Amino acid sequence: MPQTLDLRRRMTAVSQTKKITGAMQIVSSTRMKRVMSRIEYNHRYFNTVQRTMKELLLSSRDISHPYLDDSRGNRRTCIVISGDKGLAGDYNAKVLEFALQYLQPQEEGGGLVTLGHTADAFFEARGITPDVSYSGVVQDPTLDRARGMLYDVLRMYESGLADEILVIYTSFYGETKNQPVMRRLLPIKLADYGDVKQAQELSEILYEPSAQVVFDMLVPQYVLGILFGVLVQAYASEHYARMTAMQRATQNADEMLEQLTVRYHMARQSAITSEIAEITGAALALSEGGDMQ
């Protein structure tokens, strides 16, 4: 009977775990449905913004502007977007390991901006302290929060603290879906738009009052659109990964319960058989003892 009691305890523990993973799957599924209602519009805006910027770059190759200057120094700042929580499969591990290869040693002037508690813990465990850390943004990406990040990004770039700003996140679209990717925010380079389709070089473009003023106004809005777009993609990717991981965990719990149930019935049947054999043996012994008298 001790074996059957142990199996029953394990079955109870697995059943309770199954309830937790099932509940987390439902929560992530609900959040996925909520974000999917706007992610298609975000995708269209994301593509339109990139196409528009490429058209401007094709028609403005002779224009000089700090946002377009790729001849600055080599100080690189990485904005790394991970999750605040775990239990999302390899979502956090993949994007953080991917980000490591783009980080410069701090003595070379490299910078690090993190979004997500898992990113903070990951880099601090490796002796890398983030320069700026945003909390709560990845769990509720909004345009206002992206705008707050935008001011910090532009300040770092314009003050010379960073010569290149990269954002590393998990994509939710196309061939790179659910894979970590990197894109350059600043400076803006035409080479980064090779995969942007349907962009055309305008025959003539007039800047009023000047190209300097136009880019001063246009680029911050462009960077804001990119920042908000990657936040939404990272949010959707995280909950998709968590929903998938919890679904697999629930299925594994079902399979384990099935196996434990079979083992429990076999152990119980074996115990009952042993008890019957003992009772039968005892009865037979008593019967033989009575006959001898």
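Visitor: At its relative accessibility, does Leu-87 count as buried or exposed?
Guide: In this predicted model, the relative accessibility of Leu-87 is 55%. The cut-off for an exposed residue is over 50%, and Leu-87 therefore counts as exposed.

Visitor: What is the phi of Leu-87, which is not a glycine?
Guide: The residue belongs to the loop between S1 and H2, and although Leu-87 is not a glycine, the sign of its phi is positive. The value of phi for Leu-87 is about 55°.

Visitor: And what is the phi of Asn-178, which is not a glycine either?
Guide: Asn-178 sits in the loop between strand S4 (164-170) and S5, and its relative accessible area of 24% makes the residue partly exposed. Its phi is positive although Asn-178 is not a glycine, and the value is about 65°.

Visitor: Which bond joins Leu-186 and Pro-187?
Guide: Pro-187 lies in the loop between strand S5 (180-186) and H5. For the link from Leu-186 to Pro-187, omega is about -5°, and the bond that joins them is a cis peptide bond.

Visitor: Turning to helix H5, does Ser-237 count as buried or exposed?
Guide: Ser-237 is a residue of helix H5, which covers residues 211-292. Since buried means under 20% relative accessible area, the 1% relative accessibility of Ser-237 makes the residue count as buried.

Visitor: Which residues is Ser-237 in contact with, leaving aside its neighbours within four places in sequence?
Guide: Within its own helix, a polar atom of the Ser-237 side chain lies 2.8 Å from the backbone oxygen of Gln-233, but that residue is among the sequence neighbours that are left aside here. The contacts that remain for Ser-237 are Tyr-91, Thr-170, Ser-171, Phe-172 and Asn-178.

Visitor: Which residues does Glu-238 touch, not counting those up to four places away in sequence?
Guide: Glu-238 also lies in helix H5, and with a relative accessibility of 1% it counts as buried. Once residues up to four places away are set aside, Glu-238 touches Gly-83, Asp-84, Lys-85, Ala-88, Tyr-91 and Gln-139.

Visitor: How are H2 and H3 placed, oblique or roughly parallel?
Guide: Helix H2 (residues 91-100) packs on helix H3 (residues 117-124) with axes 11 Å apart and an angle of about 50°. That angle makes the placement of H2 relative to H3 oblique.

Visitor: Is the crossing of H2 and H3 right-handed or left-handed?
Guide: The residues that meet are Asn-92, Leu-96, Glu-97, Ala-99 and Leu-100 on the H2 side, and Thr-118, Ala-119, Phe-122 and Phe-123 on the H3 side. By residue class, this contact of H2 with H3 divides into 6 nonpolar, 2 polar and 1 charged. The crossing of H2 and H3 is right-handed.

Visitor: Which elements do the buried residues of H3 pack against?
Guide: The buried residues of H3 are Thr-118, Ala-119, Asp-120, Phe-122 and Phe-123. Helix H2 is one of the elements they pack against. The list in full is strand S1 (76-81), H2, strand S2 (111-115) and strand S3 (132-134).

Visitor: What is the length of the polar contact that joins the side chains of Glu-158 and Tyr-67?
Guide: Glu-158 lies in helix H4 (residues 143-158), and at 53% relative accessibility it counts as exposed. Along the chain Glu-158 and Tyr-67 are 91 residues apart, while their C-alpha atoms are separated by 8.6 Å. The polar contact between the two side chains has a length of 2.4 Å.

Visitor: How many Å separate the C-alpha atoms of Asp-192 and Tyr-45?
Guide: Asp-192 is found in the loop between S5 and H5, where a relative accessible area of 29% makes the residue partly exposed. Asp-192 and Tyr-45 are 147 residues apart along the chain, and the separation of their C-alpha atoms is 18 Å.

Visitor: What separates the C-alpha atoms of Thr-273 and Glu-164, in Å?
Guide: Thr-273 has its place in helix H5, where its side chain reaches the backbone oxygen of Gln-269 at 2.8 Å. With a relative accessible area of 46%, Thr-273 is partly exposed. Thr-273 and Glu-164 are 109 residues apart along the chain, and their C-alpha atoms are separated by 75 Å.

Key. Residues numbered from 1 in each chain as written. Predicted model: local features only at pLDDT ≥ 70, side-chain atom pairs only at ≥ 80, totals over all residues. Heavy atoms only, no water. Helix = DSSP H or I, 4+ residues; strand = E, 2+ residues; numbered from the N terminus. Buried < 20%, exposed > 50% of the residue type's maximum accessible area, 1.4 Å probe, protein only. Polar contact = N/O pair within 3.5 Å; in protein donor to acceptor, adjacent residues only side chain to side chain. Contact = heavy atoms within 4.5 Å. Axes fitted to C-alpha atoms, helices over the stretch in contact; angles between N-to-C directions. Parallel < 35°, antiparallel > 145°, perpendicular 65-115°, else oblique. Left-handed = near helix turned anticlockwise from the far one by under 90°. Nonpolar A, V, L, I, M, F, W, Y, C, P; charged D, E, K, R; others polar.
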